[in-house]
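Visitor: Could you take me on a close look at the inside of this protein, beginning with one residue and working outwards? I would like to see what it touches and how the rest is arranged around it.

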Amino acid sequence: MGLESLIMVRHGESTGNAAKAADDAAGRERFDEHGRDADVPLSDLGRSQARALGARLAADGHTFDTVLSSPFVRARTTAEIALSSLPAQRIRQDERLRDRDVGILWGHTELGIRRLHPEQYRERERQGRFYYRPPGGESWTDVALRLRTLLRELDGHVLIFTHDVVIVMARYILGDLDEATILDIESTQIGNASLSHWQRTESGFQLLTYGDTTHLT
């Protein structure tokens, strides 16, 4: 049958998102990165966003053949909260939906990368963000490669809870875009608990909405 429709949701605000935003604004070099990236939980705001997302999904009346989630806590918790008021649906975890691994740059603000890892900052500028792979981490194209394998396996109507870079690369793949186009799109970050929706047509996948957060207002 193949994939008929795809809704991808970015997780609600995490404590890491909140800490990084605050420390970026304060001009700090590092943000609070205690523990593993995979274990970063939702903030109170993120949990509220997940509930609003659940209300949106219920109001839209979608039915799904498959629900998938990144195994990271912030994505799984978003899925559990959002679906708690809907008919029971099994949430399957798939590690191909995990966030991009930034390797040695984990826990650094943009200022921190420039000051503490100037050689990596220069290398990223040389290669460009699309292909740059930090030591111990992944490039955007690494994320695209694992996502391509997953998309080929999907059937019917699918709901996915994941991370911003995975949604960006889904748009890159499903829209058959080039590097310059996706970098321009990515310059406006997808919001937490946002919804992006694709529908299969005779000519390919049509993007119906991207990064929609109207349910949060």
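Guide: Happy to. Let's begin at Ile-160, keeping in mind that this is a predicted model. Setting aside neighbours within four places in sequence, Ile-160 is in contact with Leu-6, Ile-7, Met-8, Val-9, Leu-68, Leu-97 and Leu-154. Next to this nonpolar cluster of names, a second, separate core of twelve residues should be kept in mind, with Ile-7, Leu-53, Leu-57 and Val-67 among its members. Ile-160 itself belongs to the largest nonpolar core, which has 28 residues. Along with Ile-160, the residues with the most contacts inside that core are Leu-6, Met-8, Leu-147, Leu-154 and Met-169. Two or more residues each come from strand 1 (3-10), helix 6 (140-151), strand 4 (156-162), helix 7 and helix 8 (179-186). Helix 7 is the top contributor to this core, with nine residues.

Now step back to the whole chain. The protein chain has eight helices and six strands, and their order along the sequence is β-α-α-β-α-β-α-α-α-β-α-α-β-β. Of its 217 residues, 49% count as buried. If you take contacts between residues at least 6 apart in sequence, 74% of them join residues at least 24 apart. The overall dimensions fit a compact globule, because 217 residues would then give a radius of gyration near 17 Å, and the protein chain has 17 Å. Along the principal axes, the C-alpha atoms fill a box of roughly 50 × 40 × 30 Å.

From the cores we can turn to the open spaces. The largest pocket has a volume of about 1,200 Å³ and a lining of 40 residues. Nearest its centre lie Lys-20, Asp-99, Arg-100, Val-102 and Asp-164. Helix 1 (15-25), helix 4 (110-116) and helix 7 (164-174) are the elements that give two or more residues to this lining. Helix 7 therefore appears in both places, as a contributor to the core and to the pocket lining. The largest share of the lining, five residues, comes from helix 1. By type, the lining of the largest pocket divides into 14 nonpolar, twelve polar and 14 charged residues.

The second largest pocket holds about 180 Å³ of space. Its lining includes Leu-57, Val-67, His-62, Phe-64 and Gln-89, and Leu-57 and Val-67 are also members of the second core. Eight residues of this lining are nonpolar and four are polar, with no charged ones.

Two backbone details round off the tour. Most residues other than glycine have a negative phi. Asp-176, in the loop between helix 7 and helix 8, has a positive phi of about 50° although it is not a glycine. Ala-193 has a positive phi too, of about 60°, and is not a glycine either; this residue lies in the loop between helix 8 and strand 5 (195-201). Their surroundings are worth checking on screen: Asp-176 is exposed, with a relative accessible area of 69%, whereas Ala-193 counts as buried, at 0% relative accessibility.

Technical notes
Residues numbered from 1 in each chain as written. Predicted model: local features only at pLDDT ≥ 70, side-chain atom pairs only at ≥ 80, totals over all residues. Heavy atoms only, no water. 1 Å grid on protein atoms, 1.4 Å probe; cavity = no way out; pocket = protein on both sides within 12 Å on 5 of 7 lines; lining within 4 Å. Points joined across faces, edges and corners; volume = space filled by probe spheres on them. Helix = DSSP H or I, 4+ residues; strand = E, 2+ residues; numbered from the N terminus. Nonpolar A, V, L, I, M, F, W, Y, C, P; charged D, E, K, R; others polar. Core = buried A, V, L, I, M, F, W, Y, C linked by side-chain atoms within 4.5 Å. Buried < 20%, exposed > 50% of the residue type's maximum accessible area, 1.4 Å probe, protein only. Contact = heavy atoms within 4.5 Å. Rg over C-alpha atoms; globule rule 2.2 N^0.38 Å.
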